Amino acid sequence: MKTFQNLKCCSLRTLRKAFCMLALLTLFASSAFALQDGAARTPPMGFNTWNYFGCNGCTQANILNVAKAMLLKHAANWEGKSICLQDAGYKYINLDDCWLNGKGGHPVNDTLKWNTSNFPLGMPKLTDSLHHMGFLAGIYTCAGTSTCAGYPSSQGYEAMDAYTYIKWGFNYLKDDWCNITNNATPQQAYTAMGNGITAANKALSKSGFVFSLCSWGDGNPWTWGDGAAHLWRTTGDIKSNFNGSGAGSVQGNYILNYNEAQPYNGPGHWNDPDMLEVGNGIGGATQDQSHFDLWCIAAAPLLMGNNTPAMTEQTFTILSNREVIAVNQDSLGLAGHRVAGNGQTVDIYVKVMKSKDTTAQRIAAVCVVNWGTGSVSGQSITWANLGEKNTSQKYTVRDLHAHTDLSTTATGSYTTATIPGNGTQMLLFTSSNAVETRDYAGLTGPMNTDKLLTRVNANVLECYVSHANSLVQVFSLSGKEVSSFSAPEANWYKVNGRMLPGTYILRVTGNNSVMEGKVALFSK
Ligand code: GLA
């Protein structure tokens, strides 16, 4: 299957022969990259039982009621359409902890068993029902000997359990981090499960399975998670609070590790600040809206955690706002970059999005969040914040809550209206015409030095080499060398006209010095 996809991709996009060779070679690459398999190209959207239903409510009845609620069309919205949550993009329905039959360790040399009172249909029929309703199904395990709530889990049985879940028809696995007794590091433990999933997919001829690792940020999974899993928790558990520091609130979960993990986000590998508490009483509509906007600008997974069958219209309106969801689901997969603030008072996040193919406009979403409880007056968003060099470039500024254009002729900077305590403004900036840097653009400055210069010339990324006889290397964020070449003299060099969109590290070594810079490449 994978071979077919790679070959098809080569012929369809007429990539150079050399790149086809590279794609084929990756088939035989080390198992650490086994999960770069084309799944979860945009952040997963769906529902998980834990935040509202907890342990006792992890039942077939609740799951099926949630599924029905997600298919219920609501009155015509601002688009003039009646839609349901499934229409808005939510497709996974995931069980969390407590689906198993009885506490304790894994049955010795035997498969896991579900709780037959809570799941009378049984897992294969439950996944079948969900599939018939147009959903995909997710299940939960733990990397230790028992789950966080004390039920049997997968340590030492990764391959057997992965096979069981996929055989039962599941499409998604969350793998938690309690009760590890074999001293495995997160990377070792989750590589074992990733390998189990790869083997089970192969044995059962399945693909598209999503693997969500949940080490709560332990072991900095963003630095190695790309290829080991499709998403990884960046922090401990969220709770239904808005303000706070450290895990346990919207603000705490969002800010903790944000700047460290943000550059590692991308298609197939997502930072996960935990599931949504929208609708669970974190304050009111203002806080719910802000929570949703923040997760969307971060390109975070959107897993609802509320009592979906009983949600209010206000909760539905927030969760089904397709203009805000489009920011989350943008195919470039960049997480918003914090351009102002320190996570305590007012922050501004900018998420560069894919240009529309026909117009090559520059599009950036902006979320201004007021963490404080009092209102704040206008905040200025400058064109430099947007990554726009031409200060006279006109932009349309659209309010994604009100679904109206606030200006069609903004230049240089834009000042927001007053933002209430704990509130956000969620805006979309679209240039009025094509901009020069539409193909490639630097997202962040060089990491270790400000001396590594990059530029875009005729749509090709170039870097400046300041010493003769230097070596230029390009790495993926997981440290894998993508390409290298030698630079005989001090000059500008084309880095690679054919690199796929994504974030890369450039390293120039010469004259006993090493200079590194991070660049993000955007495609048209
Ligand atoms: C951990 C996870 C939570 C949830 C519970 C279940 O705390 O981080 O998201 O899965 O376990 O016990």
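Leaving aside its neighbours within four places in sequence, which residues is Tyr264 in contact with? In this predicted model, the partners are Trp222, Thr223, Trp232, His269 and Leu477. Tyr264 itself sits in the loop between α10 (258–261) and β7 (270–272). Although it belongs to a loop, Tyr264 counts as buried because its relative accessibility is 18%, and the cut-off for burial is under 20%. Leu477 deserves a second look: 213 residues separate it from Tyr264 in sequence, yet the two C-alpha atoms are 6.5 Å apart in space.

From here, let us turn to the ligand. Its shell has 13 residues, and those that come nearest are Asp96, Asp97, Lys174, Asp176 and Asp237. Sorted by class, the shell is made up of 7 nonpolar and 6 charged residues, with no polar ones. Several side chains place polar atoms by the ligand's oxygen atoms. For Asp237 the distance from a polar side-chain atom to a ligand oxygen is 2.5 Å, for Asp97 an N or O atom of the side chain is 2.7 Å from one, and for Trp216 the corresponding value is 3.0 Å. On its own the ligand has 310 Å² of accessible area, and the protein covers 93% of that.

One of the residues that come nearest to the ligand, Asp96, leads us on to strand β1 (residues 45–48), where Asn48 is found. The side chains of Asn48 and Asp96 are joined by a polar contact of 3.0 Å. Is Asn48 buried or exposed? With a relative accessibility of 2%, Asn48 counts as buried. Beyond four places in sequence, its contacts are Asn94, Leu95, Asp96, Lys174, Met275, Met304 and Gly305. Lys174 is thus a familiar name, since it too is listed among the residues that come nearest to the ligand.

Next comes the nonpolar interior. The largest nonpolar core has 93 residues, of which Tyr90, Trp99 and Phe292 touch the most other members. A second, separate core of 17 residues includes Ile348, Ile381, Leu427 and Phe429. Returning to Trp99, we can follow its contacts outside its own stretch of sequence: they include the aromatic residues Trp114, Phe119, Tyr140, Tyr165 and Trp168, along with Cys58, Leu112, Met123 and Ile139. Lys113 and Asn115 are also in contact with Trp99.

Phe119 offers a way across to Leu126, as it is in contact with that residue too. Leu126 lies in helix α6 (residues 123–132), and its relative accessible area of 1% is why it counts as buried. Besides Phe119, and again setting aside neighbours within four places, Leu126 is in contact with Gln60, Ile63, Leu64 and Leu121. The C-alpha atom of Leu126 is also 8.8 Å from that of Gly169, 43 residues away along the chain.

Gly169 brings us to our last stop, for it comes just after α7 and takes a positive phi of about 105°. Helix α7 spans residues 158–167, and its buried residues are Glu158, Asp161, Ala162, Thr164, Tyr165 and Ile166. An α-helix has 3.6 residues a turn, so residues three or four places apart point the same way. The buried residues of α7 pack against β3 (136–142), β4 (172–176) and α8 (186–203). Tyr165, one of these buried residues, is also a contact of Trp99, which ties the helix back to the core residue we visited earlier.

Terms used. Residues are numbered from 1 along each chain as its sequence is written. This is a predicted model: local features need pLDDT of at least 70, side-chain atom pairs count only at pLDDT 80 or more; totals for chains, interfaces and linings use all residues. Side-chain values use heavy atoms; hydrogens and water are left out. Helices (H or I, at least four residues) and strands (E, at least two) are DSSP runs, numbered from the N terminus. Buried means under 20% relative accessible area, exposed over 50%, partly exposed in between (1.4 Å probe, protein chains only). Contact means heavy atoms within 4.5 Å. A nonpolar core is a set of buried Ala, Val, Leu, Ile, Met, Phe, Trp, Tyr and Cys residues joined through side-chain atoms within 4.5 Å. A residue is near a molecule or strand if one of its heavy atoms lies within 4 Å of it. A polar contact is a pair of N or O atoms within 3.5 Å; within protein, one must be able to donate a hydrogen and the other to accept it, and residues adjacent in sequence count only if both atoms are side-chain atoms. Accessible areas come from the Shrake-Rupley method with a 1.4 Å probe; for residues, only the protein chains shown count as cover. Ala, Val, Leu, Ile, Met, Phe, Trp, Tyr, Cys and Pro count as nonpolar, Asp, Glu, Lys and Arg as charged, and the others, Gly among them, as polar.
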